[in-house]
Amino acid sequence: MLIEPEAVAKIDADCIRSGIPGYALMTAAGHAVAAAALRHYPEAERFVVLAGPGNNGGDGYVAARLLAESGADIRVFRLSMKPPMTEDASRAHAECPVEGLPLSMYCPRLGDVVIDALFGAGLARDLSPEVSDLISELERNRIPVLSVDIPSGICGRSGHIRGAAFRAERTVTFVALKPGQVLLPGREHCGEVEIAEIGVPRRLIEQYRSPTRINSPDIWLDYASAKTPSGHKYSHGSLGVFSGGATQTGACRLAAEAGLRAGAGLVTIAGPSEALAANAAHLTAVMLRQVDGRAELDEWLQDRRLGAFVLGPGFGVGEKARDFVLALRDRNLVLDADGITSFRDDPERLFEAFSTGAPHLILTPHDGEFGRLFPDVAASKEISKVERAQAAARRANAIIILKGADTVIAGPDGRCAINSNAPPWLATAGSGDVLAGICGSLMAQGFAAFETACAAVWYHGEAGNRAGKGLTAESLVSHIDI
Ligand SMILES: NC(=O)C1=CN([C@@H]2O[C@H](COP(=O)(O)OP(=O)(O)OC[C@H]3O[C@@H](n4cnc5c(N)ncnc54)[C@H](OP(=O)(O)O)[C@@H]3O)[C@@H](O)[C@H]2O)[C@@H](O)CC1
Ligand SMILES: Nc1ncnc2c1ncn2[C@@H]1O[C@H](COP(=O)(O)OP(=O)(O)O)[C@@H](O)[C@H]1O
Ligand SMILES: [K+]
C-alpha cells in the first residue's frame with residue numbers, strides 16, 4: 001500500500017482527533033530510528049543527527065535523545081538555529097539533552113553515521129546550496145546515511161530530486177511507503193527501507209491509501225484461476241500477432257512465443273507473403289497466416305474467437321500500420337513499438353478510434369515512444385511518472401504501460417500501479433516484444449485490460465528474475481511461468 005505525502009498531515013490530524021497525540025507518534029518514530037541506528041551500525045564511532053525545521057527534525061531530536069540515553073556518542077547539527085516550526089518538534093528539541101550546533105560547523109569524519117532528519121516527503125522546494133555541498137562531502141567521504149522517513153531532497157510524490165538528495169544506505173519510514181520511494185530516482189536513494197509501525201490505527205491508514213499501488217498479484221486476483229479443467233484451446237484464448245516484412249520477423253516471433261508460453265490456447269502470426277518462409281522456418285506450435293493487405297485482414301477478423309492482437313514489434317512504421325490498427329478498433333489490441341510510432345504525426349486519430357467503450361487498447365511505450373504520442377505530457381518536467389501515465393491513459397482511453405526500471409501502469413479511470421520487481425538485465429533487445437506478447441495472451445484469456453497490463457509487467461519481471469543475469473529475450477520467454 002502507498003500513501004501520498006499530503007495524506008501524512010491528515011492522518012496526524014485524525015490521530016489527534018481520536019485521542020492519539022502527535023507527540024506520541026513522533027516519539028514512536030524517533031524510537032524506530034534510534035533502534036535502527038543501533039541495530040544496523042554497532043560499529044559507529046559517533047551518530048550525527050542533522051535536524052531540519054519541521055517534524056522530520058523533531059523525529060531526529062527524539063532519536064538523538066534516545067541514542068544519548070543508550071550511551072552512544074551523539075552530535076546534533078541544526079539547519080536553522082531558530083526554534084522548530086511545530087509544537088511537537090519544539091518539544092522534542094527541548095527534551096533533547098544534546099546541544100544542537102549550526103549545520104555549517106559539521107565536519108564529517110570516518111566512523112560517523114549520519115541520521116538525516118532534515119526534510120520529510122512533502123519537500124516543497126530545492127535544497128539550499130549549503131545542504132547540497134554537505135551531501136557531496138558525505139558522498140566523497142563515504143559516510144553512511146540513515147534517512148528519517150525519506151532521504152532529504154527526494155520528493156515523496158514523484159521521486160524526483162529537488163536540487164540534490166541524500167543517498168541513504170537505509171531509510172526508516174512511517175505508516176506506509178510513499179510513491180517517491182518506489183519511483184526512480186527516489187527508490188535508489190532510499191537504500192533498504194524499513195516501514196515502522198508508530199501507532200496509527202489501520203483503519204485510518206486504509207482511509208488514506210493512495211489509488212496508486214505497488215504492482216502485485218492481488219490486483220488481478222479475480223483472474224488467477226481463469227482456466228477450468230474442462231477447457232479447450234479456444235477457451236484458453238486465441239491471440240493474433242502481426243509480423244513485419246521478410247527481414248523483420250524476429251520481434252513478432254518473440255511476442256508470439258511469449259503469448260503461447262503465457263497461456264494462450266493458440267497463437268497465430270499473421271504476416272505478408274514475403275515473410276511466410278522466414279517465419280515458417282522458425283515456428284512449430286505458433287501458427288501462420290498470410291495477411292498482405294486490408295482485404296485479407298478483414299477476412300481473418302471474421303474469426304471472433306481471436307480474443308486479442310499484438311501489433312508493432314518489427315511491423316514497420318507507416319500507413320499500413322495505421323490502417324490495420326483502425327481495422328482493429330473494436331478488438332482487444334496491444335500496440336507496441338512501430339505501431340505506436342506510426343501515429344506520431346496524428347495521435348488523435350488513434351485516440352479517436354479507441355475512444356468509446358471499456359478500455360481495450362494497451363499502449364506499451366518506453367519514454368521515447370511516449371514522447372511521440374504525448375509530447376506535451378512528456379515535456380512537463382514537474383509531474384511525476386505516475387501523473388504522466390495517468391494523463392496519457394485518460395486522453396487515449398487506453399491502458400498505458402510506461403516502461404522503464406520503474407514501469408508505471410495506468411488506466412483512464414485513474415487506477416495506477418508502480419512496478420518494482422524488474423531486474424536491470426531485463427533491459428535487453430527484444431524484452432519489450434516479450435512483454436507485448438504476454439499482454440496479448442492475458443487479454444485473449446479474458447483478463448480485463450488494466451489487470452492484464454499489471455499482471456503482464458509483473459510476470460515479465462518474475463521471468464527476468466528467474467532467467468538471471470545473462471538473459472536474452474529468447475531465454476526470457478522460456479522462463480515465463482503464469
Ligand atoms: N504520520 C506520520 O507519518 C508522522 C510523521 N512524522 C514526521 O513528520 C515529518 C513531516 O513533517 P513536516 O510536515 O513538518 O515536514 P518537514 O519536511 O519536516 O518540514 C517541512 C518544513 O520545512 C520547510 N521547508 C520545506 N522545504 C524546505 C526547503 N527546501 N528549505 C528550507 N525549508 C524548507 C517548510 O517551511 P516553509 O519554510 O516552507 O514555511 C516546511 O514547513 C515526516 O517526514 C516524519 O519524519 C512523525 O513526526 C510522526 C508521524
Ligand atoms: N533498468 C531496467 N531495469 C528493469 N527493467 C528495465 C530496465 N530498463 C528497461 N527495462 C524493461 O525492459 C523492457 C525493454 O523494453 P523496450 O524498451 O521496448 O525494449 P525492446 O524494444 O528492445 O524490446 C521493458 O519491459 C522495460 O520496462
Ligand atoms: K529525511
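The biggest contributor to the shell around ligand 2 is helix α17 (residues 431-444), which supplies 4 residues. In this predicted model, ligand 2 is surrounded by 18 residues, and the closest of them are Lys 403, Ala 405, Ala 422, Ala 427 and Gly 432. Sorted by class, that shell comes out as 9 nonpolar, 7 polar and 2 charged residues.

The other ligand site can be described in the same terms. Around ligand 1 there are 31 residues, with Gly 54, Asn 55, Asn 56, Gly 120 and Asp 149 coming nearest. Helices α1, α2 and α3 (55-69) are the elements that each give two or more residues to this shell. The largest share belongs to α3, at 5 residues. As for chemistry, the shell around ligand 1 holds 17 nonpolar, 10 polar and 4 charged residues.

Zooming out, the protein chain carries 19 helices and 17 strands. Its C-alpha atoms fill a box of roughly 80 × 45 × 45 Å along the principal axes. Of its 482 residues, 51% count as buried. Contacts with a separation of 6 or more are mostly long-range in sequence: 73% of them link residues 24 or more positions apart.

Two open sheets are described here, starting with the one built from 7 strands. Its strand order is β3-β2-β1-β4-β5-β6-β7, and the pairing is parallel. The edges are taken by β3 (100-102) and β7 (192-196), each of which pairs on one side only. Going from one strand to the next, the twist averages 25°. At the β3 end, strand β2 (residues 74-78) pairs with β3 in the parallel sense over 3 bridges, and Arg 78 sits opposite Pro 102 of β3. Helix α2 lies across β1 (46-51), β4 (112-117), β5 (145-148), β6 (170-174) and β7, and it runs at about 160° to β6.

Helix α2 also turns up in the surroundings of α1. In α1 (residues 5-17), the buried residues are Pro 5, Ala 7, Val 8, Ile 11 and Asp 12. Looking down the axis of α1, these buried residues fall within an arc of 145°, so they line one face of the helix. The other side of α1 has Ala 9, Ala 13 and Arg 17, which are exposed. The cover over the buried residues of α1 includes α2 (22-40) and α7 (202-207). After α1 comes Gly 19, with a positive phi near 90°.

The second open sheet has 10 strands, ordered β8-β17-β16-β15-β14-β13-β12-β9-β10-β11, and its pairing is mixed. Strands β8 (212-214) and β11 (287-290) stand at the edges with a single partner strand each, so one side of each has no neighbour in the sheet. Ignoring direction, neighbouring strands here are turned by 20° against each other on average. Helix α18 (residues 449-467) packs on this sheet, touching β14 (361-363), β15 (399-402), β16 (408-410) and β17 (416-418). The direction of α18 makes about 20° with that of β15.

Within the 10-strand sheet, β9 is worth a closer look. Strand β9 (residues 238-242) runs parallel to β10 (residues 266-271), and 5 bridges join the two. Among the partnered positions, Ser 238 has Leu 266 of β10 as its bridge partner, while Val 241 is matched with Ile 269 of β10. Side chains alternate along β9: Ser 238, Gly 240 and Phe 242 point one way, Leu 239 and Val 241 point the other way, and all are buried. With 5 of its 5 residues buried, β9 is therefore largely enclosed by the rest of the structure.

Conventions. Residues are numbered from 1 along each chain as its sequence is written. Chains are lettered from A and ligands numbered from 1 in the order in which they are written. This is a predicted model: local features need pLDDT of at least 70, side-chain atom pairs count only at pLDDT 80 or more; totals for chains, interfaces and linings use all residues. A residue is buried if 20 or more other C-beta atoms lie within 10 Å of its own, exposed if 12 or fewer, and partly exposed in between; C-beta atoms are placed from the backbone. The arc is that of the directions from the helix axis to the C-beta atoms. Two residues are in contact if their C-beta atoms, placed from the backbone, lie within 7 Å. A residue is near a molecule or strand if its C-beta atom, placed from the backbone, lies within 6 Å of it. Ala, Val, Leu, Ile, Met, Phe, Trp, Tyr, Cys and Pro count as nonpolar, Asp, Glu, Lys and Arg as charged, and the others, Gly among them, as polar. Two strands pair if DSSP finds at least two bridges between them. Axes are lines fitted to C-alpha atoms, for helices over the stretch in contact, and angles run from 0 to 180 degrees between N-to-C directions.
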